[in-house]
Amino acid sequence: MPINELRKDYILDRWVVIAPQRRRRPSDFTENLEERKEKAICPFCPGNEYLTPPASLVYLVKDGELKKDDDKNGLRHKNWVVRCIPNLYPAFMPPNSDNALNPQFNHIYVSREALGYHEVLIESPNHDEHPSTARITQLIYVINALRDRFSFLITRDYVKYVSIFRNYGASAGASLSHAHAQIIAMPIVPKILWEENAVSKKYYEENGRCVFCDIISVEIKSKRFIWNNDGFVIFAPWASINPFEFWIFPKRHQSSILELTEDEV
Ligand SMILES: [Zn+2]
Ligand SMILES: [Zn+2]
């Protein structure tokens with residue numbers, strides 16, 4: 001598969017992935033739910049592992065013990081509790097000799113290869129085990145597996161940023177309804193993060209305090225407060241972009257999920 005192209009906006013430092021292959025993504029939402037249940041085969045359900053690329057990580061539980069492995073030599077592990085696979089229609093992919101692209105660089109057109117990774121974490125062998133109804137033990141596997149992949153991907157030398165996200169439902173862009181998250185490792189840091197970083201640094205220089213700690217100290221007592229425990233606070237942000245949006249802040253200073261303690265997981 002040819003590598004995708006990352007194109008820079010004419011003016012802004014904003015990059016867009018041009019991915020012709022992703023147009024061909026399957027959709028299992030074109031039919032109504034009953035029809036879908038009868039006809040469709042879910043590639044993420046146990047027994048259908050051969051329909052997906054080999055897993056980059058599987059968690060297996062045997063005699064109460066967790067074992068981590070990947071799929072090699074045509075083997076597809078069965079009886080997994082979580083399973084991480086390359087996305088069949090990746091936005092970003094690792095370099096290889098037959099997917100080179102001619103990057104553009106002139107005064108108008110700037111582009112580069114969309115190097116990185118795009119993986120899918122299948123969160124449960126149970127098709128409908130989404131986080132809101134999942135067993136706590138299962139959610140712990142999910143978070144730890146995301147951490148394992150994050151720590152592998154962030155140490156590749158062409159990876160600058162790893163994003164973990166989850167689409168739920170067709171209207172959010174999920175093309176398959178089995179519980180899953182996505183992991184994207186990309187060669188650029190998105191503009192919004194540069195901006196957040198620069199502004200919070202400036203806030204610290206001007207006020208001598210951390211902006212995130214200040215937000216927590218206000219919102220934990222405000223009507224936007226939702227919930228908190230020893231490690232985290234959840235609140236509806238002042239300038240929400242979406243209805244029902246909420247943010248989860250760690251109370252401790254930490255800049256990635258790799259810094260989570262076992263208790264916090
Ligand atoms: Zn399924
Ligand atoms: Zn702070």
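**Figure 1. Zinc site geometry in the predicted model.** The site of the zinc ion (ligand 1) is tetrahedral, with angles of 106 to 116 degrees among its 4 donor atoms. Four donors count as tetrahedral if all angles lie between 85 and 135 degrees. The protein donors are Cys 42 (SG), Cys 45 (SG), His 127 (ND1) and His 178 (ND1), at 2.0 to 2.3 Å from the ion. Donors are N, O and S atoms within 2.8 Å of the metal (3.2 Å for Na, K and Ca); water is not among the atoms, so sites may look incomplete.

**Figure 2. Zinc donors along the chain.** Their spacing is C-x2-C-x81-H-x50-H. Cys 45 sits in the loop between helix H1 (33–39) and strand S3 (57–62), and His 127 in the loop between strand S7 (117–122) and helix H2 (136–153); this pair, 82 residues apart, links distant parts of the chain. Helices (H or I, at least four residues) and strands (E, at least two) are DSSP runs. His 127 counts as buried because its relative accessibility is 18%, and buried means under 20% relative accessible area (1.4 Å probe, protein chains only).

**Figure 3. Strand S1 and its partners.** S1 (residues 5–8) runs antiparallel to S2 (residues 15–18), joined by 4 bridges. The two form a hairpin with 6 residues between them. Glu 5 stands opposite Ile 18 in S2. S1 also pairs in the antiparallel sense with S6 (residues 111–113), over 3 bridges. There, Arg 7 has Ser 111 as its bridge partner. Strands pair if DSSP finds at least two bridges between them.

**Notes.** Residues are numbered from 1 along each chain as its sequence is written, with chains lettered from A and ligands numbered from 1 in the order in which they are written. In this predicted model, local features need pLDDT of at least 70, side-chain atom pairs count only at pLDDT 80 or more, and totals for chains, interfaces and linings use all residues; side-chain values use heavy atoms, leaving out hydrogens and water.

Technical notes:
Tetrahedral: all angles 85-135°; square planar, octahedral: opposite > 155°, others 65-115°. Buried < 20%, exposed > 50% of the residue type's maximum accessible area, 1.4 Å probe, protein only.
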